[in-house]
Amino acid sequence: MAFKGMLKDEDIAAALQHCAAADSFNHKEFFAKVGLAGKSTEDLKKAFYFVDQDKSGFIEEDELKLFLQTFSAGARALTDKETKAFLAAGDADGDGMIGVDEFAAMIKG
């Protein structure tokens, strides 16, 4: 698992359970429940690269759709509505992607 040693398995399971239903994902609640909200900026940057599946240096909409699956392979994909809201929350410069600094700021914010 990508987050082994950074996050607790029970926190990941609880966070995923909390947003198991379609259209129930809230990024702020998820980051708090999974334990990312209290992490250092350095740890948040490491987490960014787990989510950036294609290693482009940005998290694009298709990677956000599969965001929960970076925590657990069996997790659901985000709905289009959730994905667009998540992207809008993190894309501070409006380029349609989330960069590493935007990701860290979104979690800290």
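This note goes through helix 2 and the aromatic pairs of a predicted model.

1. Helix 2 spans residues 27-34, and within this helix H27, F30, F31 and V34 are buried. These residues cover an arc of only 95° around the axis, which puts them on the same side of helix 2. On the other side of the helix, K28 and A32 are exposed.

2. As for what the buried side meets, the buried residues of helix 2 pack against helix 1 (9-18), helix 5 and helix 6 (100-108).

3. Across the whole structure, a search finds 14 aromatic pairs. One of them joins F30 and F71 in an edge-to-face arrangement, with 5.0 Å from centre to centre and 75° between the planes. Because F30 belongs to helix 2 while F71 sits in the loop between helix 4 (61-65) and helix 5 (80-90), this pair ties together parts that are 41 residues apart in sequence. Both F30 and F71 are buried.

4. Another aromatic pair is formed by F31 and F86, whose rings are tilted, at 6.1 Å centre to centre and with 55° between the planes. This pair links distant parts of the chain, since F31 is in helix 2 and F86 in helix 5, 55 residues apart. F31 and F86 are both buried.

5. The four residues of these two pairs recur in one aromatic cluster, whose members include F30, F31, F71 and F86, together with F3, F25, F48, Y49, F50, F67 and F103.

6. The two ends of helix 2 also deserve a look. At its start, a side-chain oxygen of N26 reaches to within 3.0 Å of the backbone nitrogen of K28, and just after the helix G35 takes a positive phi of about 100°.

How values were computed. Residues are numbered from 1 along each chain as its sequence is written. This is a predicted model: local features need pLDDT of at least 70, side-chain atom pairs count only at pLDDT 80 or more; totals for chains, interfaces and linings use all residues. Side-chain values use heavy atoms; hydrogens and water are left out. Rings of Phe, Tyr and Trp (its six-membered ring) pair if their centres lie within 6.5 Å; planes under 30 degrees apart count as stacked, over 60 as edge-to-face and the rest as tilted. Helices (H or I, at least four residues) and strands (E, at least two) are DSSP runs, numbered from the N terminus. Buried means under 20% relative accessible area, exposed over 50%, partly exposed in between (1.4 Å probe, protein chains only). The arc is that of the directions from the helix axis to the C-beta atoms. Contact means heavy atoms within 4.5 Å. A polar contact is a pair of N or O atoms within 3.5 Å; within protein, one must be able to donate a hydrogen and the other to accept it, and residues adjacent in sequence count only if both atoms are side-chain atoms.
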